[in-house]
Every structure is written in structure tokens, then in C-alpha cells.
Amino acid sequence: MSTALVYSEKYLEHKPSRGHPERPERLKAIVEALRRAKLWGTPSVKVIEPKPAKREDIELVHDAEHVELVERLSKSERPLDGDTPVRKNTFELALLAAGGTIDAGRAVLSGEASNAFALVRPPGHHASRARGGGFCYFNNLAVMIERMKREFKLRRIFVLDFDAHHGNGTQDIFYEDPSVLYLSLHQDPLTLYPGTGFVHELGSGEGEGYTVNVPMPPGSGDAEYASAMGEIFVPLTEQFKPELFAVSAGFDAYADDPLTQLRLSTPAYGWLTRFVVEQAERLCKGRVVFVLEGGYVLDALAEGVVNVVKTMTGEKPPTPVEPRRPSVIGELKRGLASYWKL
Ligand SMILES: [Zn+2]
């Protein structure tokens, strides 16, 4: 089994603004911790230098107007929104983040690696077809999926998003698309940005039943996540039978994250990954692509990523804690009853 990590030092050059939480130190801490854990540039963990995405790759997902807007704002350094400043190099680095994610997908689907983690910045899951925001310019994961669909004729891709924020961009892009099943575990949108991701948002048109949201009340932690993975993730993946898993890996559901009120521990990232790797091994030759999203406590972020990568390389994580059902699961199961057996 071999794991690929996609990384470039150029990703450290993305500096949105002074004091911005989405800062270069995040990725520095991750790389240092992976090196210390001997999970960097070894026979089983290879590091790939990314290439930038082409404009036509980005336009598989985003409107040409949005791509032009990010390019134009990069010249004038005017922000996309209050949380999402734009610098001279933003357009170029956003292309490199999407390109790195494509490279991770290609490494897995070509058989060069069994699984891959795109350690990229800026993040992507809040970027929808027509707009960015929430620290995101282009949706790295969605661009990778659309590119891989074409290169490898994929028909079913399962997306798990465990960032504490709802991936409104990813949901929006695939809302009517039955080839992508989007499952998000996130903090209750009544209490956190971006205010979407309610249980009743289930997709529309052909895509009805292919968007699944598990909003967690503030204070939820390992026990609630274990329940969502066992009761929702496992049966959904069994029935959907994906050819590829793609994971929006954010580490801001961690207990002390300054941006959120969830209570996940760092070992939880190991067993969350085990759920995905196990299903991928059963259903699609172990093919999983992780993409970095949020996570703002440097130590916990680095430890979380190390626990993910260890599990990707086949190390056994601790067993999940005893599950405790978050209150929304009953309602979610009723809402999904006409689409899936849960
Ligand atoms: Zn987040």
C-alpha cells in the first residue's frame, strides 16, 4: 500500500491578511509533524510536487465570470468578501491548490498510489459555481472530481466532508448531480457560518437524495461522530457503491478550535479515516483522495493530519468511542427513507 502527499512550498506564500486564521503556519506545522512521524518521503509515503490547474479545469466547475473575477481582483488586491482577502498571487496559488488536488486524484486513479492527501492552500469547500467566500476561491475537491470523471470515466464519487463548517460550495455544485453523493458532518448551521446544511437539504432534480447533511449541535464530539459514521456513512456507501472516495478534511471540529464549538478529539481523525479507508478497500480498491480544508489550532491540526496519514498507510487507529445519536439522526433517516435504507 502506498500513500501520496501532494505539497508545494509555494502554498506557504498564500498570506490572506495580517492575523487571518487561514495562515501559512498551518501547513508548516503539518509538514513538520509528518516529518517527525517519518511519514514524509519514505518508500510508503511519497511526496508529489503539484502543477497548476488549467483554466479549463477550473471552468468544469466554476462560471467563467467567477474565474475572471478572481484573476481581476488579484491585480487590484480587492477582497472577495470580508473573510476572503485577495493578494497579487491569489489567482496563481488558487490554481496551484486546485492543480495539486487534481494531481492527488490522478495519482490514485492511475494506480501510482493507493490513496492520496492534497495538502493545499487556499482551501475550497465554500466556493460554489458562481462565487467564492469563507477563505475559498476555487473548489479544489469539485475541480478534481470533474477532471477525474472525464479522464477515468467515473460514474459514482462519494464525498465525505468532516470540516466543522458546512461545505456549501460543494453542495451547491453537485446539488442536482446523482453521480456525486455529498455527505457532510458539521456544526448546526443556526450557530455557525455559512448557515446552510440543514437536514431537509437533500438535493434536487436528478440529484434528489444525493445530498445528506448531519448538523451537529454545539458541544457534539467523538460519540456523535461515531454514530453518524456507523448509522449514515456506512449504509450509504454500501448502497451507493462509489468508484472513488473524496474527503474534505477540515480539522476545525477539534475541541479547542477558536472558530467552532464542536468537541472532537485528535485521535478521532484516525478512526474517522479508518471508516473511509475500510469502505474504500471493500468497494473501490482503497481509492481515497483527502483534501485539506480548515483547522486553526496548529498542534491539533498537525496531529489530526498525522493520524489521518498513519491510517492511510495501514496503521490501526484506536477504536471509536461508544456512539451517541445526535438528535437530528432520526429526522434525517425519515427524510432519506424514500432514497436509502438506513
Ligand atoms: Zn471549516
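Biologist: Which side chain does a polar contact of 2.7 Å join to that of Arg106?

Modeller: This is a predicted model. The residue in question belongs to helix α5, residues 140-152, and lies 45 residues from Arg106 in sequence but 8.7 Å from Arg106 in space, C-alpha to C-alpha. The side chain joined to that of Arg106 by the polar contact is that of Glu151.

Biologist: Is Glu151 buried, partly exposed or exposed?

Modeller: A residue counts as buried under 20% relative accessible area and as exposed over 50%. The relative accessible area of Glu151 is 32%, so Glu151 is partly exposed.

Biologist: How many of the 13 residues of α5 are buried?

Modeller: The helix has 13 residues, which should span 18 Å at 1.5 Å a residue, and its end C-alpha atoms are indeed 18 Å apart. Its buried residues include Asn140, Leu141, Met144 and Lys149. Helix α5 is mostly covered, and the number of its residues that are buried is 10.

Biologist: Which residue just after α5 takes a positive phi?

Modeller: Helix α5 covers residues 140-152. Just after this helix, a positive phi of about 50° is taken by Lys153.

Biologist: What reach does helix α8 have from its first C-alpha to its last?

Modeller: Helix α8 runs over residues 267-283 and has 17 residues. At 1.5 Å a residue, the expected value is 24 Å. The reach in the model is close to that value, at 25 Å.

Biologist: Which elements are included in what covers the buried residues of α8?

Modeller: Of the 17 residues in α8, 12 are buried. Among them are Tyr269, Trp271, Leu272, Arg274 and Phe275. What covers the buried residues includes the strands and helices β4 (157-161), α7 (222-240), β7 (244-249), β8 (288-292) and α9 (298-312).

Biologist: With which side chain does the side chain of Thr3 make a polar contact?

Modeller: Thr3 lies in strand β1, residues 3-6, and counts as buried because its relative accessibility is 0%. Leaving aside neighbours within four places in sequence, Thr3 is in contact with residues including Ser44, Val45, Ala113 and Met312. The polar contact of its side chain, at 2.7 Å, is with the side chain of Asn115.

Biologist: Which residues coordinate the zinc ion?

Modeller: The donors follow the spacing D-x1-H-x86-D along the chain. Their distances from the zinc ion are 1.9 to 2.8 Å. The coordinating residues are Asp163, through two OD entries, His165, through ND1, and Asp252, through OD.

Biologist: What arrangement do the 4 donor atoms make around the zinc ion?

Modeller: Four donors count as tetrahedral if all angles lie between 85 and 135 degrees. Around the zinc ion, the 4 donor atoms subtend angles of 52 to 155°, which makes the arrangement irregular.

Biologist: Which helix contributes the largest share of the largest nonpolar core?

Modeller: The largest nonpolar core has 111 residues, and those with the most contacts inside it are Leu34, Phe117, Leu119, Leu160 and Phe251. The largest share of this core, 11 residues, comes from residues 90-109, that is, from helix α4.

Biologist: Which residues is Leu119 in contact with, leaving aside its neighbours within four places in sequence?

Modeller: Leu119 is one of the residues with the most contacts inside the largest nonpolar core. Leaving aside those sequence neighbours, the residues in contact with Leu119 are Leu5, Val6, Tyr7, Tyr11, Leu27, Ile30, Leu34, Trp40, Leu292 and Val305.

Technical notes:
Residues numbered from 1 in each chain as written. Predicted model: local features only at pLDDT ≥ 70, side-chain atom pairs only at ≥ 80, totals over all residues. Heavy atoms only, no water. Helix = DSSP H or I, 4+ residues; strand = E, 2+ residues; numbered from the N terminus. Expected span 1.5 Å × (residues − 1). Buried < 20%, exposed > 50% of the residue type's maximum accessible area, 1.4 Å probe, protein only. Contact = heavy atoms within 4.5 Å. Polar contact = N/O pair within 3.5 Å; in protein donor to acceptor, adjacent residues only side chain to side chain. Donors = N, O, S within 2.8 Å, 3.2 Å for Na, K, Ca; no water. Tetrahedral: all angles 85-135°; square planar, octahedral: opposite > 155°, others 65-115°. Core = buried A, V, L, I, M, F, W, Y, C linked by side-chain atoms within 4.5 Å.
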